[in-house]
Amino acid sequence: MAQVLKNGSRKFDLSDNWDVHHPDGYHMYTTSGRKVQWYLDRELAEIFEPNKIRLRFEPKGRGFSEHEVFGKLPRINRCVVCGEENGLQRHHIVPYHYRKFMPLKYKSRNHHDVALICRKHHEEYEQIAKFYKNEIAAHFKVETIEEMNARQINFMVDQLKEQFKAMKLLDTLLHRYNTIPIERVEWIGEEFKKTMGIDIMEMNFDEIEELYHKTDKLIKTKKAEMMNVENFFHGKSVIEKLITTQDYETFIRGWRIHFIQSMSPLYMPEGWSVDFTYSRDPK
Ligand SMILES: [Zn+2]
């Protein structure tokens with residue numbers, strides 16, 4: 001889901017760039033006011049100059065290593081494609097659909113691959129990216145998102161076919177009782193017994209109505225459960241094919257190249273690179 005960055009919103013004020021310093025004074029990286037607030041709230045840092053904080057604890061690393069200039073530079077509030085400054089959204093160069101199944105190091109340190117983009121260009125790129133996702137599916141020999149969705153729907157319909165049938169029978173009984181012949185009512189009773197093992201002929205209208213709502217609720221719950229079955233995520237099937245660090249780097253690099261080639265962005269942040277690596281010591 002695209003996150004709209006509201007102008008003036010304290011929570012996501014990206015113009016608010018803060019330098020984070022090591023207790024020894026070393027400038028580790030630059031971050032948002034929101035993150036800084038987090039540290040301040042926990043008394044983990046102190047402000048020593050405007051827009052500069054110093055950590056009050058010894059962090060594990062020293063932030064970005066020297067060659068990773070990127071993280072140290074302040075972010076500029078503009079669309080990376082056209083320079084528009086309003087209504088910006090965060091664009092994840094590697095879509096969430098894949099990223100969510102990646103190891104933590106690619107998920108947690110993805111600052112490099114989040115670009116600010118205007119809504120128009122975000123939507124434009126999302127459309128183009130669909131084709132790239134299909135190319136990825138073909139490359140890794142996994143189902144496309146559309147194929148998986150279709151299979152998921154078939155699976156759900158199959159799993160819930162009895163409940164769907166029950167709903168249809170109850171619906172007829174509740175809403176067309178006065179217009180259908182008695183034989184039809186009896187047939188419905190028989191069918192319902194066969195499908196659900198419940199004798200609705202013994203029930204009054206209120207009870208039937210209650211059963212109708214219960215079944216409807218059950219279907220909705222089961223549908224929601226089935227929507228989350230990870231076997232139906234194209235992204236998961238793709239990520240399972242990535243084994244080595246090199247595989248991951250190549251996959252991420254592919255998305256960066258695709259974005260650059262598709263959108264020709266004029267304002268990628270200084271220090272941004274298709275070759276940026278998340279691994280300190282690539283193997
Ligand atoms: Zn734009």
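Student: What phi does Ser264 take, just after H10?
Tutor: In this predicted model, local features need pLDDT of at least 70, side-chain atom pairs count only at pLDDT 80 or more, and totals for chains, interfaces and linings use all residues. Residues are numbered from 1 along each chain as its sequence is written. Helices (H or I, at least four residues) and strands (E, at least two) are DSSP runs, numbered from the N terminus. Just past helix H10, the phi of Ser264 is positive, at about 40°.

Student: How far does H10 reach from its first C-alpha to its last?
Tutor: H10 spans residues 245-263, with 19 residues. The expected span of a helix is 1.5 Å times one less than its number of residues. For H10 that expectation is 27 Å, and its reach is close to it, at 27 Å.

Student: What arc do the buried residues of H10 cover around the axis?
Tutor: Buried (20 or more other C-beta atoms within 10 Å of a residue's own; exposed is 12 or fewer, partly exposed in between; C-beta atoms placed from the backbone) describes Tyr248, Phe251, Ile252, Trp255, Arg256, His258, Phe259 and Met263. They sit on the same side of H10 because their arc, taken from the directions from the helix axis to the C-beta atoms, is only 155°.

Student: Which strands are the edge strands of the open sheet?
Tutor: The four strands run in the order S2-S1-S4-S3, with mixed pairing; two strands pair if DSSP finds at least two bridges between them. Each edge strand pairs on one side only, and these are S2 (27-32) and S3 (45-49).
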